[in-house]
Amino acid sequence: MATPKSEAPQSSPLPSRNPLPLSAAQESQVRDLYYKRVRTKCANEIRDFASCVTNRTISVTWACRKQRLAMDSCMVQYASQKEQDAAREEWFATMDLRRLEIEEKKRQKVKAEKFFKEWWDIPKSPGQKEEVTSEKD
């Protein structure tokens with residue numbers, strides 16, 4: 001009985017453009033960025049439709065049909081996987097900036113809490129030692 005020949009390892013498929021899994025909150029941020037990018041590219045069509053529907057109710061259906069179709073076709077044109085990938089890449093590119101903003105907000109919060117406690121003369125919590133300053137004669 002012949003043993004099967006060991007095959008050479010096959011080359012792996014193309015690497016994923018989105019290799020890292022993201023949390024639901026992060027995916028939501030990417031999705032918001034994606035929608036923002038699409039809305040930015042179709043801003044003129046959206047503006048035309050919005051100006052048409054202003055002060056209308058039932059008549060919007062037939063009065064603004066041309067503007068709605070133009071807006072929809074623009075949105076469909078740019079709502080693609082390519083645009084989603086671009087939004088995801090932009091999200092990863094700005095990750096460091098968001099981290100720095102969060103750290104700065106934390107520093108400002110600590111500074112504000114310290115100021116608040118000093119202003120209102122709030123004693124330190126029981127676990128913390130109070131600083132004792134002695135006056136020298």
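Which residues of H5 are buried? In this predicted model, the buried residues of helix H5 are Glu83, Asp85, Ala87, Arg88 and Trp91. Their cover includes helix H1 (24-41), helix H4 (65-78) and helix H6. Helix H5 itself comprises 13 residues, from 81 to 93. The distance from its first C-alpha to its last is 18 Å, close to the 18 Å expected at 1.5 Å a residue.

Helix H6, one of the elements that cover the buried residues of H5, runs over residues 95-119 and holds 25 residues. At 1.5 Å a residue, helix H6 should therefore span 36 Å, and its end C-alpha atoms are indeed 36 Å apart. Just after H6, Asp121 adopts a positive phi of about 55°.

A nonpolar patch on the surface is formed by Phe115, Phe116, Trp119, Trp120 and Ile122. Together, these residues have about 630 Å² of accessible area. Among them, Phe116 lies in helix H6. The relative accessible area of Phe116 is 45%; this residue is classed as partly exposed because its value falls between the limits of 20% for buried and 50% for exposed residues.

Confidence was also examined. The protein chain has an average pLDDT of 81, and 76% of the residues score at least 70. Over residues 6-16, however, the pLDDT is below 50. Beyond near neighbours in sequence, this stretch makes 0 contacts in the model. Where pLDDT is low, predicted coordinates should not be read in detail.

Technical notes. Residues numbered from 1 in each chain as written. Predicted model: local features only at pLDDT ≥ 70, side-chain atom pairs only at ≥ 80, totals over all residues. Heavy atoms only, no water. Helix = DSSP H or I, 4+ residues; strand = E, 2+ residues; numbered from the N terminus. Expected span 1.5 Å × (residues − 1). pLDDT = per-residue confidence, 0-100. Contact = heavy atoms within 4.5 Å. Patch = residues over 30% accessible without salt bridge, like charges linked within 9 Å, V, L, I, M, F, W, Y side chains within 5 Å. Areas by Shrake-Rupley, 256 points an atom, 1.4 Å probe, with all protein chains shown as cover. Salt bridge = Lys/Arg side-chain N within 4 Å of Asp/Glu carboxyl O. Buried < 20%, exposed > 50% of the residue type's maximum accessible area, 1.4 Å probe, protein only.
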